[in-house]
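Colleague: I should like to learn how to read the features of a protein model. May we begin with the length of a helix and then proceed to other features?

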Amino acid sequence: MGRATSERETPAGDLRLAGLTKRYGAATAVDDLSLTVPQGAFFALLGPSGCGKTTTLRMIAGLEEPTSGRVLLGDRDVTRLRPYKRPVNTVFQSYALFPHLNVFENVAFGLRRRGIRSVDDQVMAMLALVRLDDLGHRRPAQLSGGQQQRVALARALVNRPRVLLLDEPLGALDLTLRRRMQAELKRIQTEVGVTFVHVTHDQEEAMTMADTVAVMNAGRIEQLGTPADLYEFPATGFVANFLGQSNLLAGEATGPAGGEVAVSVHGGRFSVPADRARADRGPVHLGVRPEKLHLVDSADQVPAGCQHVTGVVTDASYTGASTQYLLRTGWGSELSVFVANSGATGPRAVGAAAVAYWHPRHAFLLAREPGEREGTPVWDEPVGVPS
(Lines give C-alpha, C1' and ligand atoms only; values in the text may rest on other atoms or scores of the structure.)
Protein backbone atom coordinates (compact mmCIF):
# COMPACT_ATOMS: atom_id res chain seq x y z
CA MET A 1 0.00 0.00 0.00
CA GLY A 2 1.42 3.39 -1.01
CA ARG A 3 2.34 6.15 1.39
CA ALA A 4 -0.57 8.47 2.26
CA THR A 5 -0.44 11.88 0.64
CA SER A 6 0.60 14.51 3.20
CA GLU A 7 -1.24 17.76 3.88
CA ARG A 8 1.46 19.78 2.07
CA GLU A 9 1.44 17.52 -1.00
CA THR A 10 -2.26 17.83 -1.74
CA PRO A 11 -2.68 19.57 -5.14
CA ALA A 12 -3.72 23.15 -4.46
CA GLY A 13 -5.48 24.36 -7.59
CA ASP A 14 -6.72 27.96 -7.54
CA LEU A 15 -6.51 30.06 -4.39
CA ARG A 16 -9.98 31.31 -3.53
CA LEU A 17 -11.05 33.80 -0.88
CA ALA A 18 -14.78 33.66 -0.13
CA GLY A 19 -16.35 36.47 1.89
CA LEU A 20 -13.15 36.92 3.88
CA THR A 21 -13.57 39.43 6.72
CA LYS A 22 -11.31 40.50 9.57
CA ARG A 23 -12.36 42.87 12.33
CA TYR A 24 -10.33 44.29 15.19
CA GLY A 25 -12.93 45.49 17.63
CA ALA A 26 -14.97 48.15 15.84
CA ALA A 27 -12.42 48.50 13.01
CA THR A 28 -12.79 46.39 9.87
CA ALA A 29 -9.45 45.63 8.21
CA VAL A 30 -10.80 43.31 5.47
CA ASP A 31 -14.42 43.61 4.43
CA ASP A 32 -16.20 40.65 2.76
CA LEU A 33 -13.36 40.01 0.31
CA SER A 34 -13.94 37.47 -2.47
CA LEU A 35 -11.47 36.76 -5.28
CA THR A 36 -9.81 33.91 -7.17
CA VAL A 37 -6.09 33.65 -7.88
CA PRO A 38 -5.55 31.13 -10.72
CA GLN A 39 -3.01 28.39 -10.08
CA GLY A 40 0.41 29.42 -11.38
CA ALA A 41 -0.42 33.14 -11.57
CA PHE A 42 1.68 36.07 -10.38
CA PHE A 43 -0.96 38.05 -8.48
CA ALA A 44 -0.46 41.42 -6.73
CA LEU A 45 -2.48 42.99 -3.93
CA LEU A 46 -1.79 46.71 -4.29
CA GLY A 47 -2.88 49.47 -1.97
CA PRO A 48 -1.87 52.09 0.61
CA SER A 49 -0.98 51.40 4.23
CA GLY A 50 -4.05 50.40 6.21
CA CYS A 51 -6.03 49.07 3.23
CA GLY A 52 -6.03 45.45 4.50
CA LYS A 53 -3.62 43.84 2.05
CA THR A 54 -1.15 42.48 4.62
CA THR A 55 -3.98 41.28 6.85
CA THR A 56 -5.36 39.40 3.83
CA LEU A 57 -1.96 37.83 3.23
CA ARG A 58 -1.68 36.77 6.87
CA MET A 59 -5.10 35.11 6.74
CA ILE A 60 -4.03 33.14 3.64
CA ALA A 61 -0.86 32.09 5.51
CA GLY A 62 -2.80 31.10 8.62
CA LEU A 63 -1.12 33.74 10.78
CA GLU A 64 -4.43 35.54 11.35
CA GLU A 65 -7.82 33.91 11.89
CA PRO A 66 -10.66 35.41 9.83
CA THR A 67 -13.65 36.84 11.64
CA SER A 68 -15.73 35.21 8.89
CA GLY A 69 -15.29 33.80 5.40
CA ARG A 70 -13.11 31.04 3.96
CA VAL A 71 -9.70 30.43 2.38
CA LEU A 72 -9.71 27.60 -0.17
CA LEU A 73 -6.95 25.93 -2.17
CA GLY A 74 -8.68 24.15 -5.01
CA ASP A 75 -11.73 22.53 -3.41
CA ARG A 76 -10.06 22.23 -0.02
CA ASP A 77 -11.01 24.55 2.83
CA VAL A 78 -7.82 25.49 4.72
CA THR A 79 -9.33 28.31 6.78
CA ARG A 80 -8.80 26.59 10.14
CA LEU A 81 -5.56 24.76 9.32
CA ARG A 82 -2.43 25.70 11.25
CA PRO A 83 0.19 27.55 9.14
CA TYR A 84 2.61 24.59 8.99
CA LYS A 85 -0.16 22.33 7.63
CA ARG A 86 -0.87 24.59 4.65
CA PRO A 87 1.01 24.22 1.34
CA VAL A 88 1.94 27.88 1.67
CA ASN A 89 5.19 29.73 2.46
CA THR A 90 5.83 33.41 3.10
CA VAL A 91 8.75 35.72 2.31
CA PHE A 92 8.72 38.83 4.49
CA GLN A 93 10.37 42.21 3.96
CA SER A 94 12.80 41.47 6.82
CA TYR A 95 13.85 38.11 5.20
CA ALA A 96 14.23 36.57 8.73
CA LEU A 97 17.38 34.62 7.84
CA PHE A 98 19.25 32.74 10.58
CA PRO A 99 22.47 34.74 11.13
CA HIS A 100 24.39 31.79 12.65
CA LEU A 101 23.74 29.52 9.65
CA ASN A 102 25.39 29.80 6.26
CA VAL A 103 23.38 30.23 3.07
CA PHE A 104 23.24 26.49 2.36
CA GLU A 105 21.91 25.66 5.83
CA ASN A 106 19.41 28.53 5.77
CA VAL A 107 17.91 27.05 2.61
CA ALA A 108 18.11 23.49 3.97
CA PHE A 109 16.42 24.39 7.27
CA GLY A 110 12.85 23.57 6.26
CA LEU A 111 13.84 20.28 4.64
CA ARG A 112 15.81 19.14 7.69
CA ARG A 113 12.93 20.15 9.98
CA ARG A 114 10.66 17.83 7.98
CA GLY A 115 13.08 14.97 8.55
CA ILE A 116 14.56 14.87 5.04
CA ARG A 117 18.15 13.62 5.35
CA SER A 118 19.50 13.97 1.83
CA VAL A 119 19.06 17.66 1.04
CA ASP A 120 22.12 18.51 -1.06
CA ASP A 121 20.55 18.15 -4.50
CA GLN A 122 17.39 20.11 -3.62
CA VAL A 123 19.30 22.92 -1.90
CA MET A 124 21.83 23.29 -4.70
CA ALA A 125 19.04 23.30 -7.30
CA MET A 126 17.34 26.16 -5.45
CA LEU A 127 20.57 28.12 -5.04
CA ALA A 128 21.18 27.73 -8.77
CA LEU A 129 17.65 28.96 -9.48
CA VAL A 130 18.31 32.18 -7.53
CA ARG A 131 21.88 32.40 -8.91
CA LEU A 132 23.64 31.94 -5.58
CA ASP A 133 25.10 28.44 -6.06
CA ASP A 134 28.65 29.75 -5.49
CA LEU A 135 27.78 31.49 -2.18
CA GLY A 136 26.40 28.60 -0.14
CA HIS A 137 29.27 28.83 2.39
CA ARG A 138 28.68 32.49 3.29
CA ARG A 139 26.74 33.85 6.27
CA PRO A 140 23.80 36.25 5.69
CA ALA A 141 25.83 39.20 7.04
CA GLN A 142 28.32 38.70 4.21
CA LEU A 143 25.63 39.17 1.55
CA SER A 144 24.07 42.22 -0.06
CA GLY A 145 20.40 43.03 0.49
CA GLY A 146 19.44 41.58 -2.87
CA GLN A 147 21.37 38.37 -2.18
CA GLN A 148 19.69 37.99 1.22
CA GLN A 149 16.32 38.44 -0.47
CA ARG A 150 17.14 35.63 -2.89
CA VAL A 151 18.22 33.35 -0.02
CA ALA A 152 14.85 33.95 1.66
CA LEU A 153 13.14 33.14 -1.63
CA ALA A 154 15.13 29.92 -2.09
CA ARG A 155 14.40 28.86 1.50
CA ALA A 156 10.67 29.26 0.87
CA LEU A 157 10.65 27.58 -2.56
CA VAL A 158 12.72 24.54 -1.54
CA ASN A 159 9.69 23.36 0.47
CA ARG A 160 7.70 23.17 -2.79
CA PRO A 161 4.75 25.32 -1.67
CA ARG A 162 1.66 25.51 -3.85
CA VAL A 163 1.38 29.23 -3.01
CA LEU A 164 4.20 31.64 -2.18
CA LEU A 165 3.22 34.80 -0.32
CA LEU A 166 5.47 37.85 -0.69
CA ASP A 167 4.94 40.63 1.86
CA GLU A 168 6.66 43.79 0.56
CA PRO A 169 9.76 41.66 -0.21
CA LEU A 170 11.67 44.44 -2.00
CA GLY A 171 10.87 47.29 0.37
CA ALA A 172 14.30 47.32 2.03
CA LEU A 173 16.24 47.57 -1.25
CA ASP A 174 17.44 50.69 -3.03
CA LEU A 175 15.76 51.71 -6.28
CA THR A 176 18.31 50.22 -8.70
CA LEU A 177 18.47 46.89 -6.89
CA ARG A 178 14.70 46.80 -6.45
CA ARG A 179 14.18 47.09 -10.20
CA ARG A 180 16.72 44.35 -10.84
CA MET A 181 15.01 42.08 -8.32
CA GLN A 182 11.62 42.72 -9.92
CA ALA A 183 12.92 41.08 -13.08
CA GLU A 184 14.51 38.26 -11.07
CA LEU A 185 11.30 37.50 -9.17
CA LYS A 186 9.32 37.36 -12.40
CA ARG A 187 11.92 35.06 -13.97
CA ILE A 188 11.88 32.72 -10.97
CA GLN A 189 8.08 32.60 -10.84
CA THR A 190 7.94 31.75 -14.53
CA GLU A 191 10.50 28.95 -14.10
CA VAL A 192 8.95 27.28 -11.05
CA GLY A 193 5.28 27.87 -11.95
CA VAL A 194 4.24 28.40 -8.32
CA THR A 195 1.34 30.74 -7.54
CA PHE A 196 2.83 34.02 -6.25
CA VAL A 197 0.69 36.45 -4.21
CA HIS A 198 2.64 39.67 -3.83
CA VAL A 199 1.56 42.40 -1.39
CA THR A 200 2.91 45.88 -2.14
CA HIS A 201 2.13 49.58 -1.99
CA ASP A 202 4.50 50.20 -4.92
CA GLN A 203 2.56 50.58 -8.18
CA GLU A 204 5.68 49.99 -10.30
CA GLU A 205 6.34 46.66 -8.58
CA ALA A 206 2.77 45.51 -9.14
CA MET A 207 2.67 46.58 -12.79
CA THR A 208 6.13 45.23 -13.63
CA MET A 209 5.70 41.74 -12.20
CA ALA A 210 2.05 40.76 -11.82
CA ASP A 211 -0.24 39.12 -14.38
CA THR A 212 -3.23 40.39 -12.41
CA VAL A 213 -3.46 43.27 -9.92
CA ALA A 214 -6.14 43.81 -7.29
CA VAL A 215 -6.24 47.42 -6.05
CA MET A 216 -7.41 47.50 -2.42
CA ASN A 217 -8.94 50.39 -0.52
CA ALA A 218 -10.48 50.31 2.96
CA GLY A 219 -10.56 46.52 3.07
CA ARG A 220 -12.23 46.02 -0.31
CA ILE A 221 -11.18 45.46 -3.91
CA GLU A 222 -11.72 48.64 -5.93
CA GLN A 223 -10.72 47.02 -9.23
CA LEU A 224 -9.11 43.81 -10.43
CA GLY A 225 -7.49 43.20 -13.81
CA THR A 226 -4.29 43.29 -15.83
CA PRO A 227 -1.94 46.22 -15.20
CA ALA A 228 -2.78 47.67 -18.63
CA ASP A 229 -6.54 47.42 -18.05
CA LEU A 230 -6.33 49.14 -14.67
CA TYR A 231 -4.08 51.90 -15.92
CA GLU A 232 -5.80 52.65 -19.22
CA PHE A 233 -9.40 52.36 -17.98
CA PRO A 234 -9.65 52.78 -14.18
CA ALA A 235 -12.98 52.04 -12.55
CA THR A 236 -12.83 54.65 -9.76
CA GLY A 237 -11.10 57.88 -8.87
CA PHE A 238 -9.10 56.01 -6.25
CA VAL A 239 -7.67 53.60 -8.83
CA ALA A 240 -7.06 56.43 -11.31
CA ASN A 241 -4.84 58.25 -8.83
CA PHE A 242 -3.29 55.35 -6.92
CA LEU A 243 -2.12 53.53 -10.03
CA GLY A 244 -0.28 56.48 -11.55
CA GLN A 245 -1.74 59.99 -11.73
CA SER A 246 -4.85 61.30 -13.46
CA ASN A 247 -6.31 64.71 -14.15
CA LEU A 248 -9.96 64.48 -13.07
CA LEU A 249 -12.18 67.33 -14.30
CA ALA A 250 -15.58 67.72 -12.67
CA GLY A 251 -18.36 67.77 -15.26
CA GLU A 252 -21.91 66.78 -16.18
CA ALA A 253 -22.64 64.04 -18.72
CA THR A 254 -25.80 64.20 -20.83
CA GLY A 255 -25.94 60.59 -21.99
CA PRO A 256 -24.65 58.59 -24.97
CA ALA A 257 -25.34 59.61 -28.56
CA GLY A 258 -23.72 58.26 -31.70
CA GLY A 259 -21.14 56.23 -29.81
CA GLU A 260 -20.00 59.18 -27.68
CA VAL A 261 -20.92 60.75 -24.36
CA ALA A 262 -21.13 64.54 -24.26
CA VAL A 263 -19.70 66.23 -21.18
CA SER A 264 -19.86 69.82 -19.97
CA VAL A 265 -16.85 70.93 -17.89
CA HIS A 266 -16.85 74.48 -16.50
CA GLY A 267 -18.67 75.78 -19.56
CA GLY A 268 -16.55 73.84 -22.06
CA ARG A 269 -18.00 71.01 -24.14
CA PHE A 270 -16.13 67.74 -24.53
CA SER A 271 -16.88 64.16 -25.53
CA VAL A 272 -15.63 60.70 -24.63
CA PRO A 273 -16.20 57.43 -26.54
CA ALA A 274 -19.10 55.53 -24.96
CA ASP A 275 -16.91 52.47 -24.37
CA ARG A 276 -14.57 54.66 -22.28
CA ALA A 277 -17.37 55.77 -19.93
CA ARG A 278 -17.96 54.15 -16.54
CA ALA A 279 -20.84 56.61 -16.16
CA ASP A 280 -22.72 58.44 -18.92
CA ARG A 281 -25.25 60.66 -17.13
CA GLY A 282 -25.13 63.15 -14.30
CA PRO A 283 -22.08 64.17 -12.26
CA VAL A 284 -18.88 62.70 -13.72
CA HIS A 285 -15.15 63.11 -13.74
CA LEU A 286 -13.53 63.49 -17.13
CA GLY A 287 -10.14 61.82 -16.70
CA VAL A 288 -6.94 62.17 -18.73
CA ARG A 289 -3.52 60.81 -17.77
CA PRO A 290 -0.76 63.49 -17.68
CA GLU A 291 1.33 61.75 -20.35
CA LYS A 292 -1.67 61.72 -22.73
CA LEU A 293 -1.72 65.53 -22.73
CA HIS A 294 0.34 67.63 -25.16
CA LEU A 295 1.30 71.30 -24.87
CA VAL A 296 1.24 73.85 -27.68
CA ASP A 297 1.31 77.64 -27.79
CA SER A 298 -2.18 78.29 -29.18
CA ALA A 299 -5.47 76.58 -30.06
CA ASP A 300 -4.59 76.94 -33.76
CA GLN A 301 -1.97 74.24 -33.29
CA VAL A 302 -4.38 71.65 -31.86
CA PRO A 303 -4.75 68.71 -34.31
CA ALA A 304 -8.16 67.97 -35.79
CA GLY A 305 -10.28 65.65 -33.65
CA CYS A 306 -8.56 66.62 -30.42
CA GLN A 307 -9.95 68.55 -27.46
CA HIS A 308 -8.17 71.19 -25.43
CA VAL A 309 -8.10 73.63 -22.53
CA THR A 310 -6.07 76.82 -22.19
CA GLY A 311 -4.08 77.92 -19.19
CA VAL A 312 -0.86 79.25 -17.70
CA VAL A 313 2.20 77.21 -16.68
CA THR A 314 2.60 77.46 -12.90
CA ASP A 315 5.37 74.91 -12.32
CA ALA A 316 7.95 72.93 -14.29
CA SER A 317 9.92 69.99 -12.84
CA TYR A 318 12.66 68.27 -14.84
CA THR A 319 12.69 64.53 -14.02
CA GLY A 320 15.07 63.20 -16.67
CA ALA A 321 12.82 61.26 -19.04
CA SER A 322 10.18 64.00 -18.95
CA THR A 323 9.39 67.46 -17.69
CA GLN A 324 6.31 67.65 -15.50
CA TYR A 325 4.28 70.83 -15.88
CA LEU A 326 1.35 72.24 -13.94
CA LEU A 327 -1.10 74.22 -16.07
CA ARG A 328 -3.60 76.44 -14.26
CA THR A 329 -6.88 76.53 -16.17
CA GLY A 330 -9.25 79.45 -16.56
CA TRP A 331 -11.51 78.08 -13.81
CA GLY A 332 -8.62 77.76 -11.33
CA SER A 333 -7.80 74.03 -11.33
CA GLU A 334 -4.35 72.74 -12.25
CA LEU A 335 -3.64 70.02 -14.79
CA SER A 336 -0.53 67.83 -14.70
CA VAL A 337 1.18 67.46 -18.08
CA PHE A 338 4.17 65.15 -18.65
CA VAL A 339 6.21 66.11 -21.74
CA ALA A 340 8.90 63.69 -22.91
CA ASN A 341 12.37 65.24 -23.05
CA SER A 342 12.92 64.04 -26.62
CA GLY A 343 14.46 67.29 -27.84
CA ALA A 344 11.52 67.94 -30.16
CA THR A 345 10.43 70.98 -28.13
CA GLY A 346 12.17 73.32 -25.75
CA PRO A 347 11.27 73.92 -22.10
CA ARG A 348 8.32 76.12 -21.21
CA ALA A 349 8.72 78.97 -18.77
CA VAL A 350 6.63 79.37 -15.66
CA GLY A 351 4.06 82.09 -16.33
CA ALA A 352 3.79 81.34 -20.05
CA ALA A 353 0.40 80.77 -21.66
CA ALA A 354 -0.13 77.29 -23.15
CA VAL A 355 -2.80 74.98 -24.49
CA ALA A 356 -3.12 71.36 -23.36
CA TYR A 357 -4.80 69.00 -25.81
CA TRP A 358 -5.69 65.30 -25.94
CA HIS A 359 -7.49 62.83 -28.18
CA PRO A 360 -10.90 61.69 -26.84
CA ARG A 361 -9.88 58.00 -27.06
CA HIS A 362 -7.27 58.71 -24.37
CA ALA A 363 -9.86 60.07 -21.91
CA PHE A 364 -12.30 58.24 -19.63
CA LEU A 365 -15.42 59.04 -17.60
CA LEU A 366 -16.01 58.07 -13.97
CA ALA A 367 -19.00 58.62 -11.74
CA ARG A 368 -18.50 61.62 -9.44
CA GLU A 369 -19.88 61.50 -5.94
CA PRO A 370 -21.60 64.64 -4.59
CA GLY A 371 -19.00 67.00 -3.16
CA GLU A 372 -16.08 65.07 -4.64
CA ARG A 373 -13.45 67.51 -5.81
CA GLU A 374 -11.65 67.50 -9.11
CA GLY A 375 -7.90 67.23 -9.50
CA THR A 376 -5.64 64.66 -7.83
CA PRO A 377 -7.12 63.42 -4.51
CA VAL A 378 -4.92 62.78 -1.49
CA TRP A 379 -6.00 59.51 0.11
CA ASP A 380 -6.12 59.51 3.90
CA GLU A 381 -4.76 56.35 5.52
CA PRO A 382 -7.12 54.67 8.01
CA VAL A 383 -6.08 55.08 11.63
CA GLY A 384 -5.75 52.06 13.90
CA VAL A 385 -6.30 49.41 11.21
CA PRO A 386 -3.52 46.96 10.23
CA SER A 387 -2.45 47.10 6.61
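Modeller: Certainly. At 1.5 Å a residue, the 18 residues of helix H5 (residues 175-192) should span 26 Å, and the end C-alpha atoms of H5 are 26 Å apart, which agrees. Please keep in mind that this is a predicted model.

Colleague: Which residues of H5 are buried?

Modeller: A general idea helps first. An α-helix has 3.6 residues a turn, so residues three or four places apart point the same way. In H5, the buried residues are Leu177, Arg178, Met181, Gln182, Glu184, Leu185, Arg187, Ile188 and Gln189.

Colleague: Against which elements do the buried residues of H5 pack?

Modeller: Their partners are strand S3 (42-46), helix H3 (120-129), H4, strand S8 (195-200) and helix H6 (203-209).

Colleague: How is the packing of two helices described?

Modeller: One states the angle between the two axes and the distance between those axes. Here, helix H2 (residues 103-113) packs with helix H4 (residues 145-157) at an angle of about 30°, and their axes are 7 Å apart. Angles under 35 degrees count as roughly parallel, and H2 and H4 are therefore roughly parallel to each other. The crossing in which H2 passes H4 is right-handed.

Colleague: Which residues make the contact between H2 and H4?

Modeller: H2 contributes Val103, Asn106 and Val107, while H4 contributes Val151, Ala154 and Arg155. Sorted by class, this contact of H2 with H4 has four nonpolar residues, one polar residue and one charged residue.

Colleague: Is Gly110, which is found in helix H2, buried or exposed?

Modeller: Gly110 has a relative accessible area of 12%. Buried means under 20%, so Gly110 is buried. Gly110 and Asn159 are 49 residues apart in sequence, yet their C-alpha atoms are 6.6 Å apart in space.

Colleague: What should one look for in the phi angles of the backbone?

Modeller: Most residues other than glycine have a negative phi. Arg131 is not a glycine, although it has a positive phi of about 60°. Ala218, also not a glycine, has a positive phi of about 55°.

Colleague: Where do Arg131 and Ala218 lie?

Modeller: Arg131 is in the loop between H3 and H4. Ala218 is in the loop between strand S9 (212-217) and strand S10 (220-225). With a relative accessible area of 46%, Arg131 is partly exposed. Ala218 is partly exposed as well, with a value of 47%.

Key: Residues numbered from 1 in each chain as written. Predicted model: local features only at pLDDT ≥ 70, side-chain atom pairs only at ≥ 80, totals over all residues. Heavy atoms only, no water. Axes fitted to C-alpha atoms, helices over the stretch in contact; angles between N-to-C directions. Helix = DSSP H or I, 4+ residues; strand = E, 2+ residues; numbered from the N terminus. Parallel < 35°, antiparallel > 145°, perpendicular 65-115°, else oblique. Left-handed = near helix turned anticlockwise from the far one by under 90°. Contact = heavy atoms within 4.5 Å. Nonpolar A, V, L, I, M, F, W, Y, C, P; charged D, E, K, R; others polar. Expected span 1.5 Å × (residues − 1). Buried < 20%, exposed > 50% of the residue type's maximum accessible area, 1.4 Å probe, protein only.
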